[in-house]
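Reader: I should like to go through this structure with you and ask on what grounds particular labels are given to particular residues. Please set each value against its cut-off.

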Amino acid sequence: MQVILFDDKRWQQLLPLTFTRPIADLRIGIDTIREKWEALLPGDYAWLCEPYLSSKFQITYGNDNLYIYGGCIPDKNIIAALNNLKVNQALLKNGELIAVRSNEKYFSGMSLSEHVTALEKVEYTNTVISISRPWHLFQYNDVVLRADFERITAGKKSQDITANNTIIGNQIFVEPGARVEAAIINTTTGPVYIGNDAEIMEGAMIRGPFALGKHSTIKMGAKIYGATTIGPHCKVGGEVNNSVFQSYSNKAHDGFIGNSVIGSWCNMGADTNNSNLKNNYAEVKLWDYQTQKFIPTGLQFCGLIMGDHSKCGINTMFNTGTVVGVNANIFGDGFPRNFIPSYSWGGAAGFVTYKLTDAMTVAIEVMQRRSVQLSYADKKILTTVYELSEKYRKGQLIFIHR
């Protein structure tokens, strides 16, 4: 069976994180959503996403295609429902499309939901975690991380760690090559997973649930509260609470990041902080690209959403519920606005356009430091994001206040 992870209108609701990737390429828990599906449902996998992303995330069809919404988190119940799904049936939950089984070749994830009207509908009766908003990644990270821990560590033996660590509880799993020295790790609040060749330095204090991706580093004296995920090839220090770092991003120094999602190839200067709670304890609103306005999140705690390749200088302060696009460069004193479009350069005093050529040069240099090449497909994607975000940069001044 050909399994195709599709994006629909919910892709727009997950911007700016999905400017550079399909929904299923987002990380929550320990691994990406696609990696969860591949582990639980055997098959050949492909993407059905925005046309400009398809040069990197390609589509392949078969005679029997199972289209699954890319933001759906798999578990045994939904796997069973999909295995029972027949050709020309659609699986829905409260009106939201979960999956379609068809021998048809659908070419646009945005229009896939329109084809459901001609199919037999099957209502999914169990609970399902469906990622359709950026804050869902940290909101549901606790339950997803716990399930990932059970799946990934089942039947495996953890590597031993030295006796100079203080381990509270026994829900810890250390992959080969990982190094942990003189750390305090509390697993009674949730499991702790440490990936291959990762490192937790001396004096770090961690409360689960927590996941540290392969080749990532927790710096000396860091304070990490669950549920937090640090993806592969990241360096993180200071204080972090209930946040998700995708991959290849650095917050290497002191400062607080809480209830946030940080994309890939981001870098935060020393003493970068975000607010995750309004002074009046009111519900946090967040910029929504689909409706072009700030919308209620239903959350009292919501911090920073940062797209790929964005950077901020030392002592940067982000207000509660700030959304930063792709390839933004933020610096200076004071609080910048709550919505910072992609390819913006500046801070509280104002922004100008971050030239595409300059941003691309920095991206190439940053990635080369990690022995990663910025591919032609990535360059095309970043160029398209620059073009798509131009309208926001032209009208930036109207987004200073909510």
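Reader: Leaving aside neighbours within four places in sequence, which residues is Ala178 in contact with?

Author: In this predicted model, Ala178 is in contact with Gln159, Ile194, Gly195, Asp197 and Ala198, once neighbours within four places in sequence are left aside. Ala178 itself sits in the loop between strand S8 (172–174) and strand S9 (179–180).

Reader: Why is Ala178 called buried?

Author: Its relative accessibility is 8%. Buried means under 20% relative accessible area, so Ala178 counts as buried.

Reader: What makes Arg21 a buried residue, and where is it placed?

Author: Arg21 has a relative accessible area of 4%; the limit for buried is under 20%, and therefore Arg21 is buried. Its place is in the loop between helix H1 (10–13) and helix H2 (33–40).

Reader: How do you know that the side chain of Arg21 makes a polar contact with the side chain of Asp308?

Author: The distance is 3.0 Å, and a polar contact requires a pair of N or O atoms within 3.5 Å, so the pair qualifies. A further polar contact, of 3.1 Å, joins the side chains of Arg21 and Ser264. Both Ser264 and Asp308 appear among the contacts of Arg21 beyond four places in sequence, which also include Trp11, Leu26, Leu53, Phe57 and Gln246.

Reader: Which peptide bond in the loop between H1 and H2 is cis?

Author: A cis peptide bond joins Leu15 and Pro16, with omega about 10°; Pro16 is found in that loop between H1 and H2. The bond from Gly208 to Pro209 is also cis, with omega near 0°, and Pro209 lies in the loop between S13 and strand S14 (210–212).

Reader: Why is Met205 described as partly exposed?

Author: Met205 has a relative accessible area of 37%. Buried is under 20% and exposed is over 50%; the value falls in between, so Met205 is partly exposed. Met205 belongs to strand S13 (residues 205–207) and, with Ile168 and Ile184, makes a nonpolar surface patch of about 230 Å².

Reader: Tyr281 and His215 have positive phi values; what makes one exposed and the other partly exposed?

Author: Tyr281 has a relative accessible area of 54%, and exposed means over 50%, so Tyr281 is exposed. His215 has 38%, between the two limits of 20% and 50%, and is therefore partly exposed. Phi is about 60° in Tyr281 and near 65° in His215. Tyr281 lies in the loop between strand S25 (273–274) and strand S26 (285–288), whereas His215 is in the loop between S14 and strand S15 (217–218).

Reader: How do you know that Tyr343 is buried?

Author: Its relative accessible area is 0%; with buried set at under 20%, Tyr343 is therefore buried. A polar atom of its side chain lies 2.8 Å from the backbone oxygen of Leu382.

Reader: Finally, which residues touch the most other members of the largest nonpolar core?

Author: They are Trp37, Leu41, Tyr67, Ile68 and Leu82, in a core of 79 residues. Helix H6 (residues 356–368) gives the most to this core, with five residues. Apart from it lies another core, of 35 residues, including Val174, Val192, Ile257 and Met268.

Conventions:
Residues are numbered from 1 along each chain as its sequence is written. This is a predicted model: local features need pLDDT of at least 70, side-chain atom pairs count only at pLDDT 80 or more; totals for chains, interfaces and linings use all residues. Side-chain values use heavy atoms; hydrogens and water are left out. A nonpolar core is a set of buried Ala, Val, Leu, Ile, Met, Phe, Trp, Tyr and Cys residues joined through side-chain atoms within 4.5 Å. Buried means under 20% relative accessible area, exposed over 50%, partly exposed in between (1.4 Å probe, protein chains only). Helices (H or I, at least four residues) and strands (E, at least two) are DSSP runs, numbered from the N terminus. Patches are made of residues with over 30% relative accessible area and no salt bridge: like charges are joined within 9 Å, nonpolar side chains (Val, Leu, Ile, Met, Phe, Trp, Tyr) within 5 Å. Accessible areas come from the Shrake-Rupley method with a 1.4 Å probe; for residues, only the protein chains shown count as cover. A salt bridge is a side-chain nitrogen of Lys or Arg within 4 Å of a carboxyl oxygen of Asp or Glu. A polar contact is a pair of N or O atoms within 3.5 Å; within protein, one must be able to donate a hydrogen and the other to accept it, and residues adjacent in sequence count only if both atoms are side-chain atoms. Contact means heavy atoms within 4.5 Å.
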